[in-house]
Amino acid sequence: VKNLFLLLLILTALLFASIGCDCGDDDDDDNDDNDDDDDNDTTPDDDDDDNDDNDDDTGPPDEVLTAALEFEIRKTASVTIQRRGDNLTASYTANEGADLIADATTMEGTGSRFDFDGKYRMYSLKFTGPAVTGSLCAGDPISYSLTLTQQPGYNFVVGGFTAYCGDGVFTGKPAKIYRVSGPINVMEK
Amino acid sequence: MKQFALILLICMTLMFAQPAFGDDIKYALSMFHFNIQYCAGGLEGFVPFGDGLPSWELNAEETEDMIVVESFEPVVDLFLLHPSWSVTLEMQGYFLDVLAERHPNVLNKLRTLANAGGAELVSFHYSDQLFIAYPLEDWRRSVELTQATFAKHNIPLSSTVFCQEGQAGEGLATVMEEYGYYTMVWPTNLWGYQYGDFAAEPYYDFGDIKMITGPKSVNDPGNGVFMTWSFLGDGELLATNDWDPYFPWFFKHDLASVSAYEDILLGLELDNYVIGSVEDYVAALEDAAIPAATPPDLLEGTWQPSSTDGTHKWMGGRGLWFNQERDNYVRTICACAHRELLAAETIAAEAGLNIETEMGEAWRILSLGQVTDATGINPFRGEVEYGISHCAEAMRVARDVIEQSKSELGLTEVAIDTLAETATAGTAPADPPVTSAPIVVDIQSSGREFTETWYELDDDPAIYKVEIEFAAGDFEQHKNLQAIFPGTAGPIEITQALTEGETKLYDRAAFQFDHFYLPLANGLIGLGDGLYLIKDQAYVHLGAEVTPTSPDITFRDETAWPHQAHSWIFYVVEGKTAALDLAEEINLRPTLYR
């Protein structure tokens with residue numbers, strides 16, 4: 001009964017807070033929920049660019065995407081992705097640090113975009129950051145795997161930011177899997 | 001001589017009557033279900049006020065530590081004080097890894113207690129995952145890891161089975177035996193929800209092994225068996241005065257709570273109850289040649305079906321934080337990850353790559369991602385994203401292996417057949433021809449626009465595919481999506497969780513519930529009259545609603561994000577053999593084109 005009472009109290013507050021939550025919003029800051037133009041999102045049509053001559057890292061990108069991410073819900077990060085075909089280069093900034101991420105760190109990385117069953121898409125990127133004193137990785141640099149899943153047509157990504165101890169280490173037991181999510185938009189095309 | 005014969009007769013009579021008079025079997029059992037993923041991913045972000053309440057903002061490790069210190073260790077300590085008692089502690093294998101990493105002293109205590117016979121340790125899965133909703137292969141990797149984890153930490157593992165959320169199913173019997181388990185503890189409510197209240201027998205046959213019900217007590221003077229449960233539930237609550245870990249301010253070790261429970265056990269002991277383990281209780285029954293009863297046909301599910309609608313709460317049903325839930329997104333992503341992991345192992349074998357270490361870890365991460373709490377009962381955003389982040393990372397590891405293998409094989413486009421275990425050059429086949437609907441599906445979209453497209457894959461036997469596309473919506477009401485497939489009168493027919501290649505029929509009219517949601521681990525359910533329905537778990541992994549009165553099958557998602565389009569794919573198949581084969585090809589061992 002005690003649990004129930006307190007739970008109800010908090011739930012009421014949470015309910016009101018969550019009604020205003022924009023978790024499911026497209027965050028395109030316009031008045032149209034499903035307009036691909038204004039959303040600047042990635043539609044299946046973007047794949048047209050995949051087979052052109054720009055599928056390398058040298059030419060201008062097919063598009064530049066940016067995602068404003070909430071990191072472990074309370075913190076923030078951002079990633080800017082240059083896409084050439086399915087090849088990606090990216091810059092990731094952790095605005096606040098965490099137990100395995102140094103404060104205000106910006107990292108450059110590469111990766112790929114791929115589709116998988118269920119009409120899902122993933123942006124997979126890899127970064128290496130500096131050692132974090134006192135962390136599980138001790139004095140070693142830390143490698144990060146960023147996985148952003150998305151259903152094309154909806155400009156919202158959700159996934160993980162996984163830390164591995166060591167430089168260029170992306171397999172084996174992770175030191176930690178952080179959660180990230182937020183709107184993703186095409187900035188240039 | 002006559003006197004001697006009479007004495008002998010009396011002695012023999014007494015001997016055979018012993019269980020009913022002299023040596024009653026009296027056990028007080030317990031089942032402390034501990035879940036180190038009680039708040040999967042921690043409590044950061046749980047309280048929505050700005051940056052939250054600092055002392056409530058516990059990360060994953062802090063939350064896990066709190067569970068160990070405030071609730072688990074006090075129970076272990078209690079039983080260390082009473083060497084003649086035995087407690088049953090259920091936990092995922094991951095729990096032991098947490099103890100080894102950050103609480104070695106507690107792990108030592110647990111080992112001491114278990115080796116002295118003071119604790120029976122139960123574990124059937126490495127993570128507290130919704131294993132009855134996923135392919136057998138995922139559970140195999142999980143149970144093998146949990147058994148290896150117990151061995152690694154030198155902790156004896158019991159042959160008793162109890163599971164996260166009380167998951168239970170008849171299909172567990174065969175694999176339990178295969179992996180050395182012997183006694184299933186079947187949740188009383190999962191039985192009662194299906195057939196009403198019942199008087200528990202001492203134990204039951206469960207395939208070739210045994211089953212008892214809990215927390216249903218046994219009062220069987222005829223056989224001289226008296227069994228009661230001193231505790232069955234979330235172990236976290238006993239030592240904390242019923243507070244759970246979502247309330248860290250109050251989730252504190254409470255001496256009085258532990259003392260009160262100790263008094264109960266002392267009382268039972270005075271009443272000649274053995275404070276014992278499930279293993280010992282069942283062994284005592286078998287030693288006394290107590291006959292095992294036969295249970296009715298029981299549908300698989302969880303321990304509180306009346307409040308969770310079977311598995312609905314984890315597979316489409318909304319909870320308190322419905323704005324944050326995405327059941328189908330979580331469950332389908334994890335189903336996709338299953339496919340990628342199998343494909344990675346298949347193509348790596350073809351390429352001759354040694355990927356045992358990375359793939360072993362990927363399966364571990366997948367089991368964590370399949371955690372029940374990512375979609376139910378009342379998951380908040382942190383738990384939802386815990387599921388997605390883990391399954392996404394498992395998939396990423398698999399994709400890296402696939403790309404590495406393709407490079408090794410010199411292939412740019414490959415067909416990876418995980419059933420035939422081959423990887424050859426190939427591209428995805430063209431879409432089959434569009435056709436008219438062979439059956440009428442009742443689709444309810446709460447105002448969203450939708451399309452329904454049927455494809456004919458084969459005509460002998462007939463195989464159809466239907467794709468239901470729900471357009472993005474505008475309002476919260478658009479969270480509700482539903483498709484009802486028409487059935488014809490007859491029994492409920494499913495492939496049970498942790499089985500493959502067969503179906504079981506259940507007499508629909510025998511059940512007392514109004515409705516019930518089934519997980520469909522291979523995606524298959526009968527529509528009656530030789531027709532079968534298969535959900536493609538990459539697109540739609542919702543519970544299937546059945547009722548005693550109607551043969552129709554309903555899939556309902558109350559957590560579909562309104563601004564997002566959703567695509568569901570089902571197959572309708574004629575004939576059981578073809579349906580089982582297709583379910584395997586779609587959901588268990590598919591061919592992926594990468």
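Here are some notes on chain B of this predicted model.

1. Let's start with the overall build. Chain B has 594 residues, and a compact globule of that length would have a radius of gyration near 25 Å. The value for chain B is 26 Å, so it agrees with that expectation. If you draw a box along the principal axes, the C-alpha atoms fill roughly 90 × 65 × 50 Å.

2. Now for inside and outside. Of the 594 residues in chain B, 63% are buried, meaning that each has under 20% relative accessible area. The accessible surface adds up to about 20900 Å², and carbon and sulfur atoms account for 52% of that.

3. How does the chain meet itself? Take the contacts in chain B between residues at least 6 apart in sequence: 74% of them join residues at least 24 apart.

4. On to secondary structure: chain B contains 15 helices and 26 strands. Strands of a sheet pair through backbone hydrogen bonds, and they can do so parallel or antiparallel.

5. One sheet to look at in chain B is an open one with five strands, in the order β14-β17-β24-β23-β20, and its pairing is antiparallel. Why do β14 and β20 each have a side without a neighbour in the sheet? Residues 442-444 (β14) and 516-518 (β20) of chain B stand at the edges, each with a single partner strand, so one side of each is left free of a sheet neighbour. From one strand to the next, the twist averages 25°.

6. Finally, zoom in on one pair from that sheet. In chain B, β23 (residues 544-546) and β24 (residues 553-557) run antiparallel and are joined by two bridges. Ala544(B) has Phe555(B) in β24(B) as its bridge partner.

Key:
Residues numbered from 1 in each chain as written. Chains lettered and ligands numbered in written order. Predicted model: local features only at pLDDT ≥ 70, side-chain atom pairs only at ≥ 80, totals over all residues. Heavy atoms only, no water. Pairing = 2+ DSSP bridges. Helix = DSSP H or I, 4+ residues; strand = E, 2+ residues; numbered from the N terminus. Axes fitted to C-alpha atoms, helices over the stretch in contact; angles between N-to-C directions. Rg over C-alpha atoms; globule rule 2.2 N^0.38 Å. Buried < 20%, exposed > 50% of the residue type's maximum accessible area, 1.4 Å probe, protein only. Contact = heavy atoms within 4.5 Å. Areas by Shrake-Rupley, 256 points an atom, 1.4 Å probe, with all protein chains shown as cover.
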